[in-house]
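Q: Please take a close look at a single part of this structure and explain it step by step for a first-year student. A connected account would be most helpful.

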Amino acid sequence: MKTHRFLQALQRKITDRTPIWLMRQAGRYLPEYRKLRQQAGSFMTLCQTPELACEVSLQPLRRFDLDAVILFSDILTIPDAMGLGLQFIEGQGPVFNRAIRTAADVSQLSVVDPYEKLRYVSDAAALVKKSLHNEKPLIGFSGSPWTLATYMVEGKSNRSFSTIKAMMAEQPQTLHRLLEILTRSVIDYLNAQIEAGVDAVMVFDTWGSILVPDHFMSYSLQYMQQIIAGLKKTRSTGEEKIPSILFTRESGPCLEAMADSGCSALGVDWTVDIGDARKRVGHQVALQGNLKPEILKESPETIRAAVKAILRAFGPHPGHVFNLGHGVTPDIPPENVKILIDSVHEFSQSD
């Protein structure tokens, strides 16, 4: 069995160099993705056709010396499977035909069976896993219950979050019921991905940052902790669980609490100094991050200097997975992504 430096880093073991993969690793910054997206006709067709999702997942690996592959999908697959009518509208983003606003709305929802309505995701994972021939590890993922709830309650991408904040104030029991249903759905969903062959899983809590710390604990973190506890053991007979990564934007105030969740690693964005984060929680978990994506628009010298700074800040310690502090944006030149990846490997190489 091949030993992957990405999985070693998640276990806080010493690696020959710092592994790197990127959030939104596959996507619109790649011309081959844009071509396939045009041929497919819609984003959801890409997601829901296992062969196409497999191809998109593998596209970055053909260009770059990456240490992991992330399954191509979307965080809103679970709400879509609940029958809310997901559409992606140009210039507007995700929109649901039906929003969840009342206790009656929540009562109509049920835990999603991933082998029924989301089979296309695990089928895509199995195809990617087979195509990798164990040369690279595969990451599966889901949105966090809180982040999924924000889209379901707002009905669309809405940066004010006024509707879900009103629900939190006026109907807290209804919101918690929704989060409970989503949590059970995410557990089953990630376990289906594990059964299909993913080597690690990540929970994207994109909008946990809009919550004050006390509300973050009760409306987001407690449910992510239940997810970590509900993940299957590895597919072997060992007792060690599949590694898990939690990512919350602007997570600095809650790092210690997140590290206590039972996860293997925390993703941190550029608002957190990674050296400070390591001192605070590095004895418990690995850390993933945290270059600001906009730096990839800069000169090669600027990118290389930023890589050096992050590696220096983390220091010569095990448990670092280099990544961006958020996803690759469509305006990033692919050649700059290559400079980033090559620089991480060059500057972190062991003697």
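A: Arginine 280 has a relative accessible area of 26% and is therefore partly exposed, a term for values between the cut-offs of 20% for buried and 50% for exposed. This value, like the others below, comes from a predicted model.

The side chain of arginine 280 takes part in a salt bridge with glutamate 256, in which the closest N and O atoms are 2.8 Å apart. Arginine 280 belongs to helix H13, residues 274-281, while glutamate 256 belongs to helix H12, so that distant parts of the chain, 24 residues apart, are linked by the pair. The partner, glutamate 256, is partly exposed as well, because its relative accessible area is 34%.

Where does glutamate 250 lie in relation to helix H12? Glutamate 250 is in the loop that runs from strand E6 (244-248) to helix H12 (255-259). Its phi is near 50°, which is a positive value in a residue other than glycine. With a relative accessible area of 45%, glutamate 250 is classed as partly exposed.

The pair of arginine 280 and glutamate 256 may now be set beside other salt bridges, of which the structure holds 14. One of them joins aspartate 67 to arginine 5, with 2.7 Å between the closest N and O atoms. Because aspartate 67 is in the loop between helix H4 (50-63) and strand E1 (69-70), and arginine 5 is in helix H1, this pair ties together parts of the chain that are 62 residues apart in sequence. Aspartate 67 has a relative accessibility of 4% and so counts as buried, since the cut-off for that class is under 20%. Salt bridges link Arg5, Asp67 and Asp16 in a network.

Helix H1, which holds arginine 5, leads to another residue with a positive phi. Arginine 12 is in the loop between helix H1 (5-10) and helix H2 (31-40). The phi of arginine 12 is near 60°, again a positive value in a residue other than glycine. Its relative accessible area is 30%, and arginine 12 is therefore partly exposed.

A further salt bridge is formed by the side chains of aspartate 331 and lysine 297, at 3.0 Å from N to O. Aspartate 331 is in the loop between strand E9 (320-321) and helix H15 (334-348), and lysine 297 is in the loop between E8 and H14, so this pair ties together parts that are 34 residues apart in sequence. Aspartate 331 counts as partly exposed because its relative accessibility is 45%, and lysine 297 is partly exposed with a relative accessible area of 45%.

The loop that holds lysine 297 deserves one more remark. Asparagine 290 is found there, between strand E8 (286-288) and helix H14 (300-314). The peptide bond that joins glycine 289 to asparagine 290 is cis, with omega at about 0°.

Finally, helix H2, which follows the loop of arginine 12, brings the account to the largest pocket. The volume of the largest pocket is about 1,700 Å³. It is lined by 44 residues, and those closest to its centre are Arg24, Arg28, Phe43, Asp74 and Phe88. H2 supplies the largest share of this lining, namely 3 residues. The lining comprises 23 nonpolar, 12 polar and 9 charged residues.

Definitions and conventions
Residues are numbered from 1 along each chain as its sequence is written. This is a predicted model: local features need pLDDT of at least 70, side-chain atom pairs count only at pLDDT 80 or more; totals for chains, interfaces and linings use all residues. Side-chain values use heavy atoms; hydrogens and water are left out. Helices (H or I, at least four residues) and strands (E, at least two) are DSSP runs, numbered from the N terminus. Buried means under 20% relative accessible area, exposed over 50%, partly exposed in between (1.4 Å probe, protein chains only). A salt bridge is a side-chain nitrogen of Lys or Arg within 4 Å of a carboxyl oxygen of Asp or Glu. On a 1 Å grid over the protein atoms alone, a cavity is a set of points where a 1.4 Å probe fits but cannot get out, and a pocket is an open set with protein on both sides within 12 Å along at least five of seven lines; lining residues have an atom within 4 Å of a point. Grid points are joined across faces, edges and corners, and a volume is the space filled by probe spheres set on the points. Ala, Val, Leu, Ile, Met, Phe, Trp, Tyr, Cys and Pro count as nonpolar, Asp, Glu, Lys and Arg as charged, and the others, Gly among them, as polar.
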